Amino acid sequence: MPRALLYVILLIGGLAMLFPFAWMVSTSLKPDLAVFQTPPQLIPKPFQPSNYSTVVHIFPVWRFLLNSALVAVISTTLQVGTSAMAAYAFARMKFRGSGTLFLLYLGTLMVPFQVTIVPLFIEMKYLHFVNSYPGLILPSIASAYGTFLLRQAFMSLPAELEEAAFVDGAGHWTVFTRIVLPLVRPSLATFGVLSFIASWNSFLWPLVIISSQKLMTLPVGIANLQGEHLTAWNLVMAGTTISVIPIVIVYLFAQKHIVRGFVLSGVKG
Amino acid sequence: MVGQRGWRFRLIVALFLAPSLIPLIMFLIVPMLASVGLSFASWDLLTHPRWVGTANYRGLVHDGEFHAALLHTLYFVAGYLPLVFCGGLLLALALHQRLKGVAWLRTLYFLPVVTSWVVVALVWKWLLNPQYGIVNRLLGFVGVQGPGWWLDPHWAMPSIILASAWKDIGFTMVIFLAGLQAIPEEYYEAASLDGAGRWSRFRNITFPLLSPASFFVVVISLINNVQVFDQVWVMTQGGPAGSTSVVVQQIVQNAFSFGRMGYAAAMSWVLFGVILVITVVQLRLQKRWVVYA
């Protein structure tokens, strides 16, 4: 392709990607009536940053943020931990039935969430976990995909690696935590970041399992904001801006891991 | 390795597996199996479940709303897939050149992918607001009367498609980029020596060697997007006049608004069947066009 054409394509694409974010932030800083003003302005005049304090005041946005962070941190930690342990067993321990069991893990990857959501809700009802943190978190504490990804990483390590440690009398737990895990840090990071984003952006399950406002995560809470303040777009955009900031920070710091993870898995937010 | 045999070794293996196996069984495998049974029952969670045989599935055959949702879902995918496929391919081809500022652009294009559907849907709902949205106002400046977007039954689905393609184009882009990076430079050099032009190099080298990436994009996009829900729920809730109702939304509403657990489970299996058929067809067709170098 000729260079000039390339730049034109890339620039138009870049603007198209950036503009909705810019407009979101711009709207979030506008006074109520300026939102409808003609001609529309990208740089708000005057600035009304108080939209942020207003939205935080009328809506428990901090609570949503806290819930999202809590759920994301707990489920990511548990997913990485449980997946790494299972992956170690599949990759570094020779036991009977290992192949069959691993196929079972892989098989669960083919089940779409919408097939399990109704019975899962009923199960949570019987466990008395509807509208609670355990109900929110429990379905995502293990990950077959994570097990698969980390197993690949463990298998790429040489077999002699742990032999010396075993000769010295170390057990599997010591080998796992002290020798094997530190060597696959990049894979742990890739999977961890991916699972954090998935949890942070998750919508369908929190929507179904949570009914009281104080337990809502950001996506569900922000979606409700729109229902109650449909015309106050400056407030709605302030809410969406708040909910985007943490994920943008994570993204800017862990971009390599994130892109790699998405390419490997085909999992989307 | 030590301790290959004996109950002690088996115990250790079990301890390593249990933390993931038990939750997977409890919250994935058991619900999945239960879903099969549930789809043959009628249950509102208030009274006892009743076995109804194939009544739920037979009901679906005559359920106009479900058929409409299936059609809308296919409409969504048919509009979305070409956009993210061609758009992602074009961006990847452009970004693959070593130009200045490419890393920044790549970061930018991928940003919507990590943003939640709820945020994307709300932002686009505002951009496409028929009266005050920036899109219609810009159209107004050039003398075009913008459509009613998500408030107009004819434009509601295109609005959702537009927002979705905007969010996912960066995803297909990175898949294509990974594919492009795997093509050896020597092929192009050899082709240039033989006098192949730009278009001929694209048609005879890039496109065939990129076909595994193309295949991945098509299969993954199809599987993910026949389950479209979040953006629809936030932008239109299936409206206006039911013009954007999709299958997963029908499942959610039947189960959690109307208390038809069994009926919703049957729907989810029909959708699973659709996914399965699409995937199998893709795998079959793959032999005709996908080249593995």
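The following exchange between a trainee and a mentor concerns a predicted model and the contact of its chains A and B.

Trainee: How many residues of chain A are in contact with chain B, and how many of those are nonpolar?

Mentor: Chain A and chain B bury about 8,400 Å² between them, with 79% of it on carbon and sulfur atoms. On the chain B side, 91 residues take part, and they meet 96 residues of chain A. The residues of chain A that touch chain B include 18 polar and six charged ones, and the nonpolar ones number 72.

Trainee: How many salt bridges and how many residue pairs in polar contact are counted between chain A and chain B?

Mentor: A salt bridge requires a side-chain nitrogen of Lys or Arg within 4 Å of a carboxyl oxygen of Asp or Glu, and between chain A and chain B the count of such pairs is zero. For polar contacts, with both residues at pLDDT 80 or more, the count between the two chains is 11 residue pairs.

Trainee: Which helix of chain A gives the largest share of the side that touches chain B?

Mentor: The largest share of that side amounts to 17 residues. These residues come from the helix spanning residues 3-28 of chain A, namely α1.

Trainee: How are α5(A) and α1(B) oriented to each other?

Mentor: Helix α5 (residues 113-126) of chain A packs against helix α1 (residues 6-38) of chain B with axes 8 Å apart and at an angle of about 105°. The contact involves residues including A:Val115, A:Leu120 and A:Ile122 of α5(A), together with B:Phe27, B:Pro31 and B:Leu38 among those of α1(B). By kind, the residues of this contact are 13 nonpolar, two polar and one charged. Angles of 65 to 115 degrees count as roughly perpendicular, and α5(A) and α1(B) are therefore roughly perpendicular.

Trainee: Which side chains meet in a salt bridge, and how many residues apart in sequence are the parts that the pair ties together?

Mentor: Over all chains the count comes to one salt bridge, and in it the side chains of A:Arg92 and A:Glu162 meet at 2.7 Å, N to O. A:Arg92 lies in helix α3 (residues 61-92) and A:Glu162 in helix α8 (residues 160-167), both of chain A, so the parts tied together are 70 residues apart in sequence.

Trainee: Where do the peptide bonds from A:Lys45 to A:Pro46 and from B:Gly239 to B:Pro240 stand, cis or trans?

Mentor: Most peptide bonds are trans. A:Pro46 lies in the loop between α1 and α2 (50-58) of chain A, and B:Pro240 in the loop between α10 (230-235) and α11 (247-256) of chain B. Omega is near -5° for the bond from A:Lys45 to A:Pro46, which is cis, and near -10° for the bond from B:Gly239 to B:Pro240, which is likewise cis.

Methods: Residues are numbered from 1 along each chain as its sequence is written. Chains are lettered from A and ligands numbered from 1 in the order in which they are written. Side-chain values use heavy atoms; hydrogens and water are left out. Axes are lines fitted to C-alpha atoms, for helices over the stretch in contact, and angles run from 0 to 180 degrees between N-to-C directions. Helices (H or I, at least four residues) and strands (E, at least two) are DSSP runs, numbered from the N terminus. Angles under 35 degrees count as roughly parallel, over 145 as roughly antiparallel, 65 to 115 as roughly perpendicular and the rest as oblique. Contact means heavy atoms within 4.5 Å. Ala, Val, Leu, Ile, Met, Phe, Trp, Tyr, Cys and Pro count as nonpolar, Asp, Glu, Lys and Arg as charged, and the others, Gly among them, as polar. Buried area is the accessible area (1.4 Å probe) that two parts lose on being put together, summed over both. A polar contact is a pair of N or O atoms within 3.5 Å; within protein, one must be able to donate a hydrogen and the other to accept it, and residues adjacent in sequence count only if both atoms are side-chain atoms.
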